[in-house]
Amino acid sequence: MLIYLLLNTAMKMKINSNLPIQTSEAVIQELKYLVPARSYGYVAQLISTYNIKFKISRPRKTKLGDYRFDPRTKIHAISVNSDLNPFAFLITLIHELAHYRQYVGNRRRVAPHGEEWKTEFRTLMAPILEEGIFPMEIAEHLKKHMINPKASCSDIHLMRLLEPYNNDATLKLEDLEDGDVFRIDNGKVFKRGSKGRTRYQCVEVSTNRKWFVHALTKVEIVNETVINL
Ligand SMILES: [Zn+2]
């Protein structure tokens, strides 16, 4: 029943079945290891019916995934980082597929995460929210998130819920105290200051410049005596 419902939804969302399939079978197969098992049939169906070139990307620090349309080649390309946990991978993939559907459905330029995108995101998420694909806590939060979805990364609560499913449990900026000195992975060293909504105001030790660093940034604590020498 689950598979039938998911496939049926995927078929209804078919945009144009005459378009060439852009994503290789090998990539679709690889997805099996990246999304929650019960969602695989659904996402594989979406990717192979939509006219998109889907790519599993090496980890990028600046984004989790992206959607691009190249007007020259007319190719819609979607990529998602390979290092995401299965739930984050699935949500990111659906997020990018919603950009594709929004672009195809509204030729005119609209805000990237405006009403049109939100509608597409909700439509694509709906079938997987009810099917026991996500752990209860995440499913409950996602249902609330769907009322007014934001770009996933800026939903700090959602990202925190997904964190325990990541393979590496590393120290994050929010785990430190104000005044602690830390290094981020570009090598810069900061002192943590007060917290805003999602970012901390920090001071770069070498330049004394103020920076806003996201609460979930991975950090390495620095022994202050080393800095003061
Ligand atoms: Zn987006």
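## A tour of two sheets

Start by selecting residues 181–183, which are strand 4, together with residues 189–195, which are strand 5: these two strands run antiparallel and are joined by three bridges. Keep in mind as you go that this is a predicted model.

Now zoom in on the facing residues. Show arginine 183 and you will find valine 189 of strand 5 opposite. Next, show phenylalanine 182; its opposite number in strand 5 is phenylalanine 190.

What links strand 4 to strand 5? Follow the backbone from one to the other: the two strands make a hairpin, with five residues between them. Stop at glycine 187 in that turn, where phi is positive, at about 95°.

Add residues 199–204 to your selection. This is strand 6, and strand 5 pairs with strand 6 in the antiparallel sense over four bridges. Here, too, the connection is a hairpin, this time through three residues. Go back to phenylalanine 190 and look towards strand 6: glutamate 204 stands opposite. Phenylalanine 190 therefore makes a handy landmark, as you have already seen phenylalanine 182 facing it from strand 4.Time to widen the view. In what order do the strands of this open sheet lie? Reading across, the five strands come as 7-6-5-4-8, with antiparallel pairing. To mark the edges, select 210–214 for strand 7 and 220–221 for strand 8; each of these pairs on one side only.

As a general reminder, strands of a sheet pair through backbone hydrogen bonds, either parallel or antiparallel.

The next stop is another sheet. Select strand 1 (52–57) and strand 2 (65–70), the edge strands, each of which pairs on one side only. Between them, in the order 1-3-2, lies strand 3, and the pairing in this open sheet of three strands is mixed. Turn the view to compare directions: neighbouring strands here are turned by 20° against each other on average, direction ignored.

Now pick out residues 75–81, strand 3. Six bridges pair strand 3 with strand 2 in the antiparallel sense. For a facing pair, show aspartate 70 and isoleucine 75, with the isoleucine in strand 3.

Which helix packs on this sheet? Select residues 86–105 to bring up helix 4, which touches strand 1, strand 2 and strand 3. Line up your view with strand 2 to end the tour: the direction of helix 4 makes about 25° with that of this strand.

Technical notes
Residues are numbered from 1 along each chain as its sequence is written. This is a predicted model: local features need pLDDT of at least 70, side-chain atom pairs count only at pLDDT 80 or more; totals for chains, interfaces and linings use all residues. Two strands pair if DSSP finds at least two bridges between them. Axes are lines fitted to C-alpha atoms, for helices over the stretch in contact, and angles run from 0 to 180 degrees between N-to-C directions. Two residues are in contact if their C-beta atoms, placed from the backbone, lie within 7 Å.
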